[in-house]
Each structure stands twice: as structure tokens, then as C-alpha cells.
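Please look over the sequence and the model below before reading on. The text then goes through strands, cores, aromatic rings and one buried serine.

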Amino acid sequence: MSIIMKELEPLLGFEVKYGDDGLIEVDVNCKFPQDQSNCMELFRRLELIKIDESKVTFPLRLVHWIETINPLDNTTIITYFNIDGIKKIVDENKSKLIGKTTFIKPEIQYPKKAKYPNLHIHFYQIAEEEGMYIIDEYDMVESCLIHYENTKQFTNKRIAELEKYVNTQELFQMSFLPIEMVRFDENGNIQDFEQHLYAKSSAELPF
């Protein structure tokens, strides 16, 4: 039986289509949200959806800290410099997250003249009396926005070096991964991040 799907209207100038799994896919031709105004607007909308899904109430305060993974050796790159590596870092900080409401977001940035990038995981935890004062969800998007000064950091030479150890398609997607709330299952384990699973699936290399 063939199913005829209704043609989807473009979103912010991007082509929208149904994926093989039936999910709607947006064909974004930007490497970083800052590349184009419509890329940034799309990213902001995705952030707002994630914040709305969290059901947090405003105003609130956010304590912000960063865990940085430096590419000290090949093993470090293989272990952490991928989408699953984000979850590993969050798991390693589990003791700070239990009983708290926390959001995370990855950032991948090259220091000047560096061969490999650093991987930063931003943690935003709701607190009662300290941290950034956040008025509403729009303020939260802007306050947690990661600015990429160099949107051309993935040069051909750098990509070739990274491809010896990791799937660079996963790294390219990290700047577009939205803020995610850390959730625990009934056994106290940190659950997978939904958008990370989608990104990992779309970055799979063809055989």
C-alpha cells in the first residue's frame, strides 16, 4: 500500500520533509546558528520547545558551570568527542545533579591555532538564591545562548585530523543541539537526551 503524504511548507526558508521514520526533518544548510538569521531563529524556536517541555516555572535563578574536555590524547577524543560522549560527561557529574533541576548544552570550540577542539558541556541548574535571574523562557534562551566567534573553525585540515578517530558529522551537529533537561529513570539512571538520539541517527555514516 502506498501512502501519499501532504507536501510540507518551508519553515523559515528551509525545506521541510518527512524522514524515513515518519518524523519531520528540516533541511538546514548552516554549520552554526550564527551563520544566518533564519538559522538562529530556528535554533531559538527549538530551544523554546525544549524549555516549554521541561515545565519549569518562571521567574527562576540558574547557576551555570562548564565541564571542559581537552583532547589530551587519542583515547580522550575517541571516548568523548561524539554525541554519546556528552552523556558520558553528564553521567560523570551525576552526584551534582541528583535532586536538582538541571539543563545541559554542548559546545565545541577550537582554541586559536589548535589541532583539535575542546568539548565544553554547559550545566544550568535551578537554584533558590544564587545564579542568573531569568524572567521567562525567552530570557532563558538568550542567557544560555552559546556564541561561536569562529563559524569557519572546521577547516579541511582539522576535519581530516579528527576523522582518524571520530565521526565528524556528529561534531558538526553539536552547535545545533538545543538545551536539554536532565531526567532520571525509576532506577536513578540519567535518561538519554531525545534530540541527541535524533542527531546521532542522522549522522550515521553510510556503509
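What follows is a walk through this predicted model, starting with its strands.

A convenient place to begin is β5 (118-127). This strand is mostly covered, with 9 of its 10 residues buried. β5 has pairing partners that include β3 and β4. Strand β3, residues 60-69, pairs with β5 in the antiparallel sense over 9 bridges, and in this pairing Ile-66 stands opposite His-122. β4 also runs antiparallel to β5, joined to it by 8 bridges; here Phe-103 is the residue opposite Tyr-124.

The next topic is the packing of nonpolar residues. In soluble globular proteins, nonpolar side chains tend to be buried together. In this model the largest nonpolar core has 32 residues, and the members that touch the most others are Phe-81, Val-90 and Phe-154. Two or more residues each come from β3, α2 (74-80), α3 (83-92), β4, β5, α5 and α6. The largest share, 4 residues, is contributed by α3. Val-90 shows what such a position looks like in terms of contacts: with neighbours within four places in sequence left aside, Val-90 is in contact with Leu-97, Ile-104, Ile-121, Phe-123, Val-182, Ile-190 and Phe-193. A second core, separate from this one, has 12 residues, among them Leu-62, Tyr-124, Met-140 and Val-141. Tyr-124, which belongs to this second core, is the residue that Phe-103 faces across the strand pair.

Aromatic rings give another view of the structure. How many aromatic pairs does a search of the whole structure find? The search gives 7. One of them is formed by Phe-32 and Phe-154, which counts as stacked because the ring centres are 6.4 Å apart and the planes meet at 15°, under the 30 degrees that stacking requires. Phe-32 lies in the loop between β2 (24-27) and α1 (37-54), while Phe-154 lies in the loop between α4 (137-143) and α5 (156-162), so this pair ties together parts 122 residues apart in sequence. Both partners are buried: Phe-32 has a relative accessible area of 2%, and Phe-154 has a relative accessibility of 9%.

Tyr-116 and Tyr-165 make an edge-to-face pair, at 6.4 Å centre to centre with 65° between the planes. Tyr-116 sits in the loop between β4 (102-109) and β5, and Tyr-165 in the loop between α5 and α6 (168-173); the pair thus links distant parts of the chain, 49 residues apart. Tyr-116 is buried at 14% relative accessibility, whereas Tyr-165, at 25%, is partly exposed.

Phe-32 and Phe-154 also belong to one aromatic cluster together with Tyr-110, Tyr-148 and Phe-172. Charged side chains are placed over rings of this cluster. The charged end of Lys-31 sits over the ring of Phe-172, 5.9 Å from its centre. Arg-158 lies over the face of Tyr-110, at 4.0 Å from the ring centre.

Lys-31 leads to the last residue of this account, Ser-175. Is Ser-175, in the loop between α6 and β7 (180-181), buried or exposed? Ser-175 counts as buried, because its relative accessibility is 6%, under the 20% limit. A polar atom of the Ser-175 side chain lies 2.8 Å from the backbone oxygen of Lys-31. Beyond neighbours within four places in sequence, Ser-175 is in contact with Lys-31, Phe-32, Pro-33, Phe-43 and Tyr-148. Two of these, Phe-32 and Tyr-148, are members of the aromatic cluster.

Note on methods: Residues are numbered from 1 along each chain as its sequence is written. This is a predicted model: local features need pLDDT of at least 70, side-chain atom pairs count only at pLDDT 80 or more; totals for chains, interfaces and linings use all residues. Side-chain values use heavy atoms; hydrogens and water are left out. Rings of Phe, Tyr and Trp (its six-membered ring) pair if their centres lie within 6.5 Å; planes under 30 degrees apart count as stacked, over 60 as edge-to-face and the rest as tilted. Buried means under 20% relative accessible area, exposed over 50%, partly exposed in between (1.4 Å probe, protein chains only). A charge sits over a ring if NZ of Lys or CZ of Arg is within 6 Å of the ring centre and within 35 degrees of the ring normal. Two strands pair if DSSP finds at least two bridges between them. A nonpolar core is a set of buried Ala, Val, Leu, Ile, Met, Phe, Trp, Tyr and Cys residues joined through side-chain atoms within 4.5 Å. Contact means heavy atoms within 4.5 Å. A polar contact is a pair of N or O atoms within 3.5 Å; within protein, one must be able to donate a hydrogen and the other to accept it, and residues adjacent in sequence count only if both atoms are side-chain atoms.
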